[in-house]
Amino acid sequence: KANRKFHPKDTVVDIHGKKIGGGHFQVIAGPCSIESEEQMNSVAKSVAKSGAGFLRGGAFKPRTSPYAFQGLHNEGLKLLLEAKKACGLPVVTELMSVQHIDLFQNVDVIQIGARNMQNFELLKEVGKLKTPVLLKRGLANTLEELLMSAEYIMAGGNENVILCERGIRTFETSTRNTLDLSAIPMLKSKTHLPVIVDPSHACGIRWMVEPMALAAVAAGADGLMIEVHNDPEKALCDGPQSLTPEMFEQLMGKVQSMVQFM
Ligand code: PEP
Ligand code: MN
């Protein structure tokens, strides 16, 4: 179902009138994790003002250490939905377990994180929903494997799948991951699904997010996912890669002028 051979036309995913794919470009922005009402509302307001199309924020966090902040769970989802009301942007947040699906009824886009890209039972469950799914490439997965995971979701009847390149593991250690820019044209040749890029998790370094975001736009991405925090130094998760609202505003200016000419 994801194969372009059988469906030559680009899929346009429509989220309450906001379109992505087939020439429609969107930026998803917000903090790595939902931390407090004040943090969420402050970031939501600033990214909306800068022109983001979607608000992100994690309530269930897939942390490497079980002792690290795991997210505010149900309380976090509530804060995210309140921020959505206040800023008017649809929201994207990660679902880690089938057990939590019922809590995600008012979420506009369900994110399946890199670590769950091949959690096939989870993929089958979101395949039964109508909610669009943002599927992130696994840390060490091929594009073919990413497409087969998309296929799992689509096979269940949910064809609103957005793919996300977020960096992969290589021998290079100077960046958190290595952004595979070639994934963009390659995926777009193999599939009609929209392809977005997350330079924040790919680089792990704040100052590198902008050049990599612009490179992704130049390579034909249908959108970006950018981590933004009102006080990155105090962030409970991924502070070093989070942009300040001012940096995000500057990035948006450059992205918008590039998209206009493409
Ligand atoms: C995230 O987007 O918050 C996240 C955890 O990303 P990834 O699954 O790509 O590591
Ligand atoms: Mn993060």
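Which residues surround ligand 1? In this predicted model, ligand 1 is surrounded by C32, G58, P62, E94, G113, A114, R115, K136, R166 and H201. By character, this shell comprises four charged, three polar and three nonpolar residues.

The confidence of the prediction may be considered next. The average pLDDT of the protein chain is 98, and 100% of the residues score at least 70. For the complex, the predictor gives an ipTM of 0.99 and a pTM of 0.98.

The description now turns to the sheet. Eight strands form a closed barrel in the order β3-β4-β5-β6-β7-β8-β9-β10, and their pairing is parallel. On average, and with direction ignored, neighbouring strands of this sheet are turned by 25 degrees against each other. Strands of a sheet pair through backbone hydrogen bonds, in either a parallel or an antiparallel manner. One of the pairings in the barrel links strand β9, residues 195-197, with strand β10, residues 223-227; these two strands run parallel and are joined by two bridges. Within this pairing, V197 has L224 of β10 as its bridge partner.

Helix α1 packs on the sheet, where it touches β3 (26-30) and β4 (54-56). The direction of α1 makes about 155 degrees with that of β3.

Helix α1, which spans residues 37-50, also meets helix α2, which spans residues 73-87. The axes of these two helices come within 9 Å and cross at roughly 35 degrees, and the crossing of α1 past α2 is right-handed. On the side of α1, the contact involves E37, M40, N41, A44, K45 and A48; on the side of α2, it involves L79, L80, A83, A86 and C87. The residues of this contact divide into eight nonpolar, two charged and one polar. Helix α1 thus has contacts both with strands β3 and β4 of the sheet and with helix α2.

Definitions and conventions
Residues numbered from 1 in each chain as written. Chains lettered and ligands numbered in written order. Predicted model: local features only at pLDDT ≥ 70, side-chain atom pairs only at ≥ 80, totals over all residues. Near = placed C-beta within 6 Å. Nonpolar A, V, L, I, M, F, W, Y, C, P; charged D, E, K, R; others polar. pLDDT = per-residue confidence, 0-100. Axes fitted to C-alpha atoms, helices over the stretch in contact; angles between N-to-C directions. Helix = DSSP H or I, 4+ residues; strand = E, 2+ residues; numbered from the N terminus. Left-handed = near helix turned anticlockwise from the far one by under 90°. Contact = placed C-beta atoms within 7 Å. Pairing = 2+ DSSP bridges.
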